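Colleague: I am new to this structure. Please look closely at the start of the chain, and then place that part among the rest.

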Amino acid sequence: MDRKSLRIIEILRKDARTPKSRIAEELGVTEAAVRKKIRGLEEKGIIRGYKAVIDYRKLDMVHSFTGIDVEPEALLEVMKKLKEMEQVDALYLTSGDHNLIAEIICRDMSELEEVHEKISRLRGVRRICPAIVTEIISI
C-alpha cells in the first residue's frame, strides 16, 4: 500500500464527502488519479462503503452494539441469520470477548428487546451482551 493510498483512506475515513479535487490538491496529483486510486481501493474491498454517522437518539431510536457468543460449529449459520435481520446494520467477526458484534438499530427499546430475544433463540447462541449507545462522543 503506497503512501498516497493510505492518505486517501485517512481523508475519507474522517469525511467521506471530501471532494476528490481537494484530495488531489493535498496529494499534488490530478483528480483523475485520485478517482483511479479510490476505485482501486473499492475493487480490492479495502473501501467497502460510505455511510453517514447518525445520532439515533435525536430520532428517538435505539442504537446498540451487541456482543454475541456463538458455538463454533454454529457460527456461519448465525452470521447468515443475523445478516438477514433488517435491524442489524453491521456485523463484525471479532477476536475479543465475543465472537460477533452486531450493530443494531431499532425504533424503540421494545423492538430492540424483540431482536435480542430472537438472536438469543438462534441455534448455537450462548449469550448476548448489549451495549446501548447513549451518546456519540467523537467521530
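**The start of the chain and its surroundings**

Modeller: M1 lies in the segment before α1, a helix that covers residues 3-14. The model is a predicted one. With a relative accessibility of 58%, M1 counts as exposed, because the limit for that word is over 50%. M1 also has a part in a nonpolar surface patch of about 300 Å², which it makes together with L6 and I46.

The next residue to look at is D2, which is in the segment before α1 too. Its side chain meets that of K37 in a salt bridge, at 3.0 Å from N to O. K37 belongs to helix α3, so this pair ties together parts that are 35 residues apart in sequence. Neither partner falls in the exposed class: D2 is partly exposed at 33% relative accessibility, and K37 is partly exposed with a relative accessible area of 28%.

Helix α1 itself has a link of this kind. R7 forms a salt bridge with E26, and their closest N and O atoms are 2.4 Å apart. R7 sits in α1 and E26 in helix α2 (residues 20-27), with their positions 19 residues apart along the chain, so the pair is counted as a link between distant parts. R7 is partly exposed, its relative accessible area being 25%, and E26 is partly exposed at 46%. These two residues do not stand alone: R7, E10, K14 and E26 are linked in a network of salt bridges. The whole structure holds 11 salt bridges.

Turning from charged to nonpolar residues, there is a core of 10 residues, and among its members are I11, I23, L27 and I38. This core is separate from the largest one, which has 19 residues. In soluble globular proteins, nonpolar side chains tend to be buried together.

The largest core draws two or more residues from each of β1 (62-70), α4 (75-84), β3 (100-106) and α5 (109-120). The members that touch the most others are I68, V70, V78, L82, L100, I104 and I119. L82 gives a view of how they meet: leaving out residues up to four places away in sequence, it touches I68, V88, L91, L100, I119 and L122.

Between α3 (31-43) and β1 runs a loop that contains D60. D60 has a positive phi of about 60 degrees, although it is not a glycine. With 66% relative accessibility, D60 counts as exposed. The loop between α3 and β1 also holds K51, which pairs with D89 of strand β2, 38 residues away along the chain. The side chains of D89 and K51 form a salt bridge at 2.6 Å, N to O. K51 is exposed at 56% relative accessibility, while D89 is partly exposed at 38%.

One more residue is worth a stop, in the loop between β2 (88-93) and β3: H98. At 15% relative accessibility, H98 counts as buried. Its side chain makes a polar contact of 2.8 Å with the side chain of D69. Apart from residues up to four places away in sequence, H98 touches G67, I68, D69, R127 and C129. I68 is thus a contact of H98 and of L82.

Methods. Residues numbered from 1 in each chain as written. Predicted model: local features only at pLDDT ≥ 70, side-chain atom pairs only at ≥ 80, totals over all residues. Heavy atoms only, no water. Core = buried A, V, L, I, M, F, W, Y, C linked by side-chain atoms within 4.5 Å. Buried < 20%, exposed > 50% of the residue type's maximum accessible area, 1.4 Å probe, protein only. Helix = DSSP H or I, 4+ residues; strand = E, 2+ residues; numbered from the N terminus. Contact = heavy atoms within 4.5 Å. Patch = residues over 30% accessible without salt bridge, like charges linked within 9 Å, V, L, I, M, F, W, Y side chains within 5 Å. Areas by Shrake-Rupley, 256 points an atom, 1.4 Å probe, with all protein chains shown as cover. Salt bridge = Lys/Arg side-chain N within 4 Å of Asp/Glu carboxyl O. Polar contact = N/O pair within 3.5 Å; in protein donor to acceptor, adjacent residues only side chain to side chain.
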